Amino acid sequence: MHRVLEVKKEDQNKIHWREKIWFSTREWDGEITERRKNDRIAWKSVSGTQHSGVISFHKLDSNLTRVLVTLDFVPSGILEKMASGMRFVKRAVEADLARFKAYVEFGDVKGLEYKSSPAEMEQNQGDDDGEDDDKGKDDDKNAKESGEEPQAQEQEQEEDDDRDRGSEREERASRRDERRKALSSS
């Protein structure tokens, strides 16, 4: 969470936060109302900006977890109301979750139950260490050995990528429809 400047644990369930939001520094005290290890954390603010929320972790597979964040935020002042209306808070939370995901997947986390394997870390590092140049040469070499033209192999790869993008698009559309149905029924 790049906006957080400092977090102090005052006692078992009290935490003091100091954040930099745009041009101002804000401080608030939070109280953890529920904590279940590797399952969920619920909190509410005691002073400062009024908000409450729950973060829950749902194990989907041996190396796959869904993190669900529910946050209730009460904006005070015209700037906070405007930022809330323009969904800055939502986007900030989504960006922090993306950073948390990268932090966990790259294996820098200490004290979490999930640890990424060396193979997963290599998969996530992909473009950073110039492996693609060597991989492209190997693909050309393999294509020549198998009698295929590199262009034909590239075209097949592009077609596979297009199919993958299409299926991802369909999956996102179906999830969007499910959310709309769930919202309309509630």
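**Exercise 1.** With which side chain does the side chain of Ser56 make a polar contact? Place Ser56 in the fold and classify its accessibility as buried or exposed.

*Solution.* The model is predicted.
- Step 1: Ser56 sits in strand 5, which covers residues 51-61.
- Step 2: The partner is His58, whose side chain is 2.9 Å from that of Ser56 in this polar contact.
- Step 3: The relative accessible area of Ser56 is 8%. Buried means under 20%, so this residue is classed as buried.
- Step 4: With neighbours within four places in sequence left aside, Ser56 is in contact with Asp39, Arg40, Arg66, Val67 and Leu68.

**Exercise 2.** Where does Asp39 lie, and which residues does Asp39 touch beyond four places in sequence?

*Solution.*
- Step 1: Asp39 belongs to the loop between strand 3 (24-36) and strand 4 (40-47).
- Step 2: Its relative accessibility is 26%, so Asp39 counts as partly exposed.
- Step 3: Not counting residues up to four places away, Asp39 touches Ile55, Ser56 and Phe57.
- Step 4: For Asp39 and Ile55, 16 residues apart along the chain, the C-alpha separation is 8.4 Å.

**Exercise 3.** Which residues make the nonpolar surface patch of about 900 Å², and which helix gives the largest share?

*Solution.*
- Step 1: The patch is made by Ile21, Trp22, Phe23, Ile78, Leu79, Met82, Met86 and Phe88.
- Step 2: Helix 1 (residues 78-85) supplies the largest share, 3 residues.
- Step 3: Phe88 is located in helix 2 (residues 88-105).
- Step 4: Patch residues need over 30% relative accessible area. Phe88 has 31% relative accessibility and therefore counts as partly exposed.

Methods: Residues numbered from 1 in each chain as written. Predicted model: local features only at pLDDT ≥ 70, side-chain atom pairs only at ≥ 80, totals over all residues. Heavy atoms only, no water. Patch = residues over 30% accessible without salt bridge, like charges linked within 9 Å, V, L, I, M, F, W, Y side chains within 5 Å. Areas by Shrake-Rupley, 256 points an atom, 1.4 Å probe, with all protein chains shown as cover. Salt bridge = Lys/Arg side-chain N within 4 Å of Asp/Glu carboxyl O. Helix = DSSP H or I, 4+ residues; strand = E, 2+ residues; numbered from the N terminus. Buried < 20%, exposed > 50% of the residue type's maximum accessible area, 1.4 Å probe, protein only. Polar contact = N/O pair within 3.5 Å; in protein donor to acceptor, adjacent residues only side chain to side chain. Contact = heavy atoms within 4.5 Å.
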